[in-house]
Amino acid sequence: MNISKILSLGPVMPVIVIEQPDHAIPLGEALLAGGIKTIEITLRTTTALSAIEYLAKSLPEIYVGAGTILTKQNAAQAKNSGAKFCVSPGTTSSIIDACNEYNIPLLPGASTVSEMLTLSEVGFSEIKFFPASAAGGTQFIRSLASPLPNLKFCPTGGISYETASEWLSLVNVSCVGGSWIAPAKDINDQNFAEITTRAKQATKLVN
Ligand code: 3PG
């Protein structure tokens with residue numbers, strides 16, 4: 001599945017920080033029960049890679065990506081753990097080359113027009129806008145629709161259920177990313193019912 005297809009799987013892609021490997025499957029089930037079809041598991045914990053591996057093997061219905069890809073090694077780890085795609089907060093040529101080499105789709109991060117143009121030049125048309133609220137908010141992305149009509153964005157960073165609709169109303173936003181659906185505290189406390197409730201609300205948002 002290419003990135004454009006992945007971003008069309010729903011209006012919201014939960015961004016996950018997971019600390020216990022045995023939380024991976026109940027978390028995936030809770031999100032699936034709420035209608036979520038794709039998630040980004042950030043490589044910010046020692047557990048992230050095993051969580052991706054468990055989900056890829058045991059819950060293939062949910063499309064799992066690896067986030068916080070910062071290096072070539074991260075891309076290799078993501079591929080080996082069974083991640084279906086990579087997400088980076090910013091983008092370097094070594095991240096792009098590694099994802100090409102390992103044949104794994106990349107949702108590359110950018111926060112400036114020049115970075116976006118550089119990504120466009122090498123063939124990307126879907127970009128993670130990060131950190132979305134701090135780097136200019138909806139006004140920034142709205143301003144790009146006319147000069148950069150071929151680019152679509154997945155804004156992430158500082159987005160909540162309350163602000164997601166405004167982002168999703170923009171013509172150049174495919175979906176939004178955010179940790180509010182399954183924050184680390186709820187995962188650690190195994191508040192999976194609450195996560196399903198938030199997932200259900202999120203999947204009803206319109207993009
Ligand atoms: C990310 O990893 O993309 C962000 O940290 C998620 O941002 P949020 O926690 O503000 O939703």
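A crossing of two helices is called right-handed if the near helix is turned clockwise from the far one by less than a right angle. In this predicted model, the crossing of helix 2 and helix 3 is of the right-handed kind. Helix 2 spans residues 24–33 and helix 3 residues 48–58; their axes lie 9 Å apart and meet at an angle of about 55°, which makes helix 2 oblique to helix 3. On the side of helix 2, the contact is formed by A24, I25 and G28, and these meet A51, Y54, L55 and S58 of helix 3. Sorted by class, this contact holds 5 nonpolar and 2 polar residues, with no charged ones.

Attention can now turn to the open spaces of the structure. The largest pocket encloses about 220 Å³. Its lining counts 20 residues, and V15, R44, F130, T156 and S179 are the closest to the pocket centre. At least two lining residues come from strand 1 (12–16), and at least two from strand 9 (176–178). The lining of this pocket comprises 9 nonpolar, 8 polar and 3 charged residues.

The second largest pocket has a volume of about 150 Å³. Its lining is made up of I3, S4, N100, I104, P105, L106, P108, G123, F124, S125 and E126, a set of 6 nonpolar, 4 polar and 1 charged residues.

Enclosed space was also searched for, and the whole structure yields 1 cavity of 30 Å³ or more. The volume of the largest cavity is about 30 Å³. Around this cavity stand L9, G10, P11, V12, G35, I36, K37, T38 and T203, of which 4 are nonpolar, 4 polar and 1 charged.

Technical notes:
Residues numbered from 1 in each chain as written. Predicted model: local features only at pLDDT ≥ 70, side-chain atom pairs only at ≥ 80, totals over all residues. Heavy atoms only, no water. Axes fitted to C-alpha atoms, helices over the stretch in contact; angles between N-to-C directions. Helix = DSSP H or I, 4+ residues; strand = E, 2+ residues; numbered from the N terminus. Parallel < 35°, antiparallel > 145°, perpendicular 65-115°, else oblique. Contact = heavy atoms within 4.5 Å. Nonpolar A, V, L, I, M, F, W, Y, C, P; charged D, E, K, R; others polar. 1 Å grid on protein atoms, 1.4 Å probe; cavity = no way out; pocket = protein on both sides within 12 Å on 5 of 7 lines; lining within 4 Å. Points joined across faces, edges and corners; volume = space filled by probe spheres on them.
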